[in-house]
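Thanks for coming, everyone. I'll take this one region by region, and I'll put a few questions to you along the way. Let's bring it up.

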Amino acid sequence: MNDVMNDPVRGEPLLKVERLRKSFGTHEVLRGIDVAVKRGDVTCIVGPSGSGKSTLLRCLNYLERPTGGAIFLNGEPVGVRWKGERLYEMSFNELARQRQRMGMVFQGFHLFPHKTVLENVIEAPVLVKRVARAAAVEEAMVLLERVGMKQRASYYPAQLSGGQQQRAAIARSLAMKPDVMLFDEPTSALDPELVGEVLAVMRQLADDGMTMVVVTHEMGFARDVADHLIFMDGGVVVEEGRPVDVLTRPQHDRTRAFLARVL
Ligand code: ADP
Ligand code: MG
């Protein structure tokens, strides 16, 4: 699924975060975060509520503007651009183009309520990428089949369960052919019996080679699917490594305390 030929910096992480900081007023929420995500890897981020996980994801695609540090996608700075020796904020259009390369799936489902599932999925390819409608529909149906929603293509969001809506939201993000998919607690708002079907779709996506960053409380998913697990607390990365190592041999008291609560 990932187009390796388009990777200008082979061997470099697809996504790289360096000394990232974010404050809201005097409240410093991210206090120097370093993260590297390799192409094709699944990185799970866990940590207590309020530790800055959502803020980090939102900074990655510049929904929030960082107050310090840098983010690189494919070696290109996110949100800013070099002009000679100086860095400038990107124009809205440049930023929009860059954002398209990062799909985002939130806790809530965020489908357009007045559009069918199919219309939701083709909206951005048709309007933003100017893909011909027939081609967009054809691609959308392939994606809907992948997330098990082909039979529901003509349904409206209100006619669907939360799990079905979230799977449709994943298909909608995939329709823009992102380089990386960012998930912010995609199953937290679901009834427990619907969590599994969404995790199964995400697992399939991971198996297909999609690069993913997943904020989650689903420790089973993190253990089984993640290549890399990050534990955040208080706006810093406290501990990271292979899931089996972090989960079974945590090195820090804060990680141990968190795991004791959630496992
Ligand atoms: P998490 O996702 O780990 O629960 P968040 O990133 O949502 O944590 O929030 C981290 C901290 O940042 C919290 O104290 C939250 O209140 C604060 N915060 C998040 N967004 C904003 C905002 N837009 N304005 C002010 N404070 C914010
Ligand atoms: Mg959050």
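Which residues of helix H3, residues 117-127, are buried? Have a look before I say. Keep in mind that this is a predicted model.

Here is the list. Val-117, Leu-118, Asn-120, Val-121, Ile-122 and Pro-125 are the buried residues of H3. They pack against two other helices, H4 and H5. A reminder on helices in general: with 3.6 residues a turn in an α-helix, residues three or four places apart point the same way.

Step back from H3 to the loop that leads from S8. Thr-116 sits in that loop, between S8 and H3. Thr-116 is buried, at 9% relative accessible area. What does Thr-116 touch, leaving aside its neighbours within four places in sequence? The contacts are Ala-153, Ser-154, Tyr-155 and Tyr-156.

Now S8 itself, residues 102-105. Met-102 and Met-104 point one way from the strand. Gly-103 and Val-105 point the other way. Are these residues buried or exposed? All are buried. S8 runs parallel to strand S9, residues 180-184, and four bridges join them. To find the register, go to Met-102: Val-180 in S9 stands opposite.

Just ahead of S9, look at the loop from helix H5, residues 162-174. Lys-177 is in that loop. The phi of Lys-177 is positive, near 50°, and this residue is not a glycine. For context, most residues other than glycine have a negative phi.

Next, the open sheet. It has four strands, in the order S2-S1-S4-S5, with antiparallel pairing. Which strands stand at the edges? They are S2, residues 27-37, and S5, residues 76-77. Each has a single partner strand, so one side of each is left without a neighbour in the sheet.

Let's go through the pairs. S1 and S2 are antiparallel, over eight bridges. Phe-24 stands opposite His-27 in S2. The two strands form a hairpin with two residues between them. Gly-25 in that hairpin has a positive phi, near 60°.

On to S1 with S4. S1 covers residues 15-24 and S4 covers residues 68-73. How many bridges join them? Five, and the strands run antiparallel. Val-17 is opposite Ile-71 in S4.

Then comes the loop between S4 and S5, where Asn-74 lies. Asn-74 is another non-glycine residue with a positive phi, about 55°. Asn-74 is also buried, with a relative accessible area of 9%.

One helix lies across this sheet region. Helix H1, residues 53-60, lies across S1, S2 and S4. Its direction is at about 120° to S1.

That brings us to ligand 1. Which residues surround it? From the S1 and S2 part of the chain, the list includes Phe-24, His-27 and Val-29. Then comes Pro-48, followed by Ser-49, Gly-50, Ser-51, Gly-52, Lys-53, Ser-54 and Thr-55.

Three contacts involve oxygen atoms of the ligand. At Ser-51, a polar backbone atom is 3.2 Å from a ligand oxygen. At Ser-54, a side-chain N or O atom is 2.9 Å from a ligand oxygen. At Thr-55, again in the side chain, the distance is 2.6 Å.

Now the cysteines. How many disulfides does the structure hold? Zero. Take Cys-44. Its sulfur is 19 Å from the closest cysteine sulfur, in Cys-59, so they are too far apart for a bond. The cut-off for sulfur atoms here is 2.5 Å. Both ends are out of sight: Cys-44 is buried, at 0% relative accessible area, and Cys-59 is buried, also at 0%.

Last stop, helix H4, residues 133-146. Ala-134 is in this helix. Is Ala-134 buried or exposed? Exposed, with a relative accessible area of 59%. Now find Thr-255. Ala-134 and Thr-255 are 121 residues apart in sequence. In space they are 50 Å apart, C-alpha to C-alpha.

That's my tour. Over to you.

How values were computed:
Residues numbered from 1 in each chain as written. Chains lettered and ligands numbered in written order. Predicted model: local features only at pLDDT ≥ 70, side-chain atom pairs only at ≥ 80, totals over all residues. Heavy atoms only, no water. Pairing = 2+ DSSP bridges. Contact = heavy atoms within 4.5 Å. Axes fitted to C-alpha atoms, helices over the stretch in contact; angles between N-to-C directions. Buried < 20%, exposed > 50% of the residue type's maximum accessible area, 1.4 Å probe, protein only. Near = heavy atom within 4 Å. Polar contact = N/O pair within 3.5 Å; in protein donor to acceptor, adjacent residues only side chain to side chain.
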